[in-house]
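Here's a quick tour of a few helices and rings. Have the viewer open while you read.

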Amino acid sequence: MLFSSFWNYMRGYVKVELTGAATERFLTLCRKRQIALWNLTPEACGYSFCVAKADFFLFAPLVRKSRTRVRVVKRCGVPFLAHRYRKRKIFLCGLILFGVVLYELSCFLWHIEIRGNSYLSEEVILDFLSEENASFGQRLGAIDCESLEETFRNAYPEVIWVSIQLYGTKMTVELQENLLLPAANEPLPDVLYTDLVASCDGVITDIITRSGTPLVKAGDEVSAGQILVSGCISILDDEEQLKETMYVRADADITAEMILPYVDYISGEIVQDVRTGQEKTTRSLTFLEQELFDPFFQTSYELYEVYADTVQARLSSNFYLPVFYTKKTYYELQRTSHIATADEIRAIAAKNLGKHLADLEEKGVQITEKHVMIEKMDSDYIAQGSITVRGTIAIEANGKTEGTDDILDDTQARGA
Amino acid sequence: MRKNKRNHRLSYEPTLRESVVDHLDLPKDLMLGDSILKIAGNREIYITNYLGILGYERESILLQAKHGRIHIAGTYLVIASYSGDEMKIQGCVQTISFEM
């Protein structure tokens, strides 16, 4: 229905009033000549209907035969519009120019959508695309999605699957990252074996070794850098003599209680920026890199914060244009400062400590104890103390166990 | 003459042509020239195989078919499209009757 209306409008049609004695005969003749009519409605002295412009010129013999009269009431459609505006040449040129610009803009990439990333930030992916000449404003024909996917996978091995597609002027980058840690027996490049060492001082509470030789047990105190699990496995024979030495990548779950120092400096003067309630809004239009802004807009505020809301223009869901509409709101601020009271200092210290503890918990450690004191230092304050946490202490390090240098030398000699 | 006779019979008895078409399961609109009416609720009627318009008002439309007339009664009736093959009637249709 919509298509036929559009088609009729494109080819032009007229609304006709039919009067006379044998109007029904005229309609029957139209049917026999395969002339299509629509919106046929009865009027006081006949009928009115719409007919295509080309078919209207076939009416002359039918009108004679049926002794009726037709009168054009209304002309609609592109051919009549073109005839009416035939002298407006600049308008026609503008229309053609608009079509050409629109076509040219449809040949470039104007929007990039990234989905499925968690470790890799959008900035990193956009930088990669920019380096590969597949970024904002690049010609679509010059972008090879398949080779781009391959380069992406090679550049970021943690990405196990990536799909780069072009839809109109939009590029979608869908990826899946390997969120699991690398397998324990997966060989590290250029490393013969690895040890697990303590990242800081602490007391071991639990140790489960999967591969390697454990050098500590639960309850042992360890210091930072101490080897906890060696990647060197000694195999003894029946007489408990060293038969063979194997070198593996040490893997274990080691939990320890660690005491972490905590220091937080708090200024004795509280400076706050408070909104006064005054605000100003301006709108701007950005085409490519050129920003068209309101030349009469001025912010008389000495101190302010700005919130910008940007929307990209698009003709359809996949046809984005390099046109951005930005609405900026300036909020006036007033800076106030006063000497902090004891309660305020306590509240700030508690807030900062709570944030620090939340950060620690996010890293997967369990907080068992915390001792933090607030002391005054001249006009400022310092909150310091210690936080006892229970969590993973081991970090992977290249093998350093004694005697392995000989093995490494042997391996290199054999390789040579 | 035969057609008139048949139309005035009290009981319906198919002609030989009708029986053959019926038994061979052939399309009746092509073989017998019957009109086809497709009705969408009481809002739209699509009619094919009609011969012409005999009368057209807002409340009733009278069409000539090969085997009689089709009378459509209703309110706000409009012929939305009219071509050699098909006619589309829109409006609030109340009754459709066939006059032999």
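## A covered helix

How many of the 10 residues of helix α2 (residues 23–32) of chain A are buried? Seven are, which leaves the helix mostly covered. The buried set consists of Thr23(A), Phe26(A), Leu27(A), Thr28(A), Leu29(A), Cys30(A) and Arg31(A). Keep in mind that this is a predicted model.

Two of those names come back further down: Phe26(A) belongs to an aromatic cluster, and Arg31(A) sits over a ring of chain B. Just past the end of α2(A), look for Gln34(A), which takes a positive phi of about 60°.

## A helix with two sides

Now move along to helix α8 (residues 145–155) of chain A, where the buried residues are Cys145(A), Leu148(A), Glu149(A) and Phe152(A). Looking down the axis of α8(A), you'd find these buried residues within an arc of 100°, so they line one face of the helix. The spacing makes sense: an α-helix has 3.6 residues a turn, so residues three or four places apart point the same way.

What do the buried residues of α8(A) pack against? Their partners in chain A are α7 (122–131), β6 (159–167) and β7 (170–177). Flip to the face turned away from the buried side and you get the exposed residues Glu146(A) and Asn154(A).

## Phenylalanines in a cluster

Over all chains, the structure holds 17 aromatic pairs. In one of them, the rings of Phe49(A) and Phe59(A) have centres 6.0 Å apart and planes at 80°, so this pair is edge-to-face. The pair links distant parts of the chain, 10 residues apart: Phe49(A) is in strand β3 (residues 46–52) of chain A and Phe59(A) in helix α4 (residues 59–66) of chain A.

Are these two rings buried or exposed? Phe49(A) is buried at a relative accessible area of 0%, and Phe59(A) also counts as buried, with 2% relative accessibility. Phe59(A) pairs with Phe56(A) too: those ring centres are 5.6 Å apart with the planes at 65°, so that pair is edge-to-face as well. Zoom out a little and one aromatic cluster takes in Phe26(A), Phe49(A), Phe56(A), Phe57(A) and Phe59(A).

## Charges over rings

Which ring does Arg31(A) lie over? The answer is Tyr50(B): Arg31(A) is over its face, at 5.3 Å from the ring centre. Within chain A, Lys280(A) lies over the face of Tyr301(A), at 5.7 Å from the ring centre.

Terms used
Residues are numbered from 1 along each chain as its sequence is written. Chains are lettered from A and ligands numbered from 1 in the order in which they are written. This is a predicted model: local features need pLDDT of at least 70, side-chain atom pairs count only at pLDDT 80 or more; totals for chains, interfaces and linings use all residues. Side-chain values use heavy atoms; hydrogens and water are left out. Buried means under 20% relative accessible area, exposed over 50%, partly exposed in between (1.4 Å probe, protein chains only). Helices (H or I, at least four residues) and strands (E, at least two) are DSSP runs, numbered from the N terminus. The arc is that of the directions from the helix axis to the C-beta atoms. Contact means heavy atoms within 4.5 Å. Rings of Phe, Tyr and Trp (its six-membered ring) pair if their centres lie within 6.5 Å; planes under 30 degrees apart count as stacked, over 60 as edge-to-face and the rest as tilted. A charge sits over a ring if NZ of Lys or CZ of Arg is within 6 Å of the ring centre and within 35 degrees of the ring normal.
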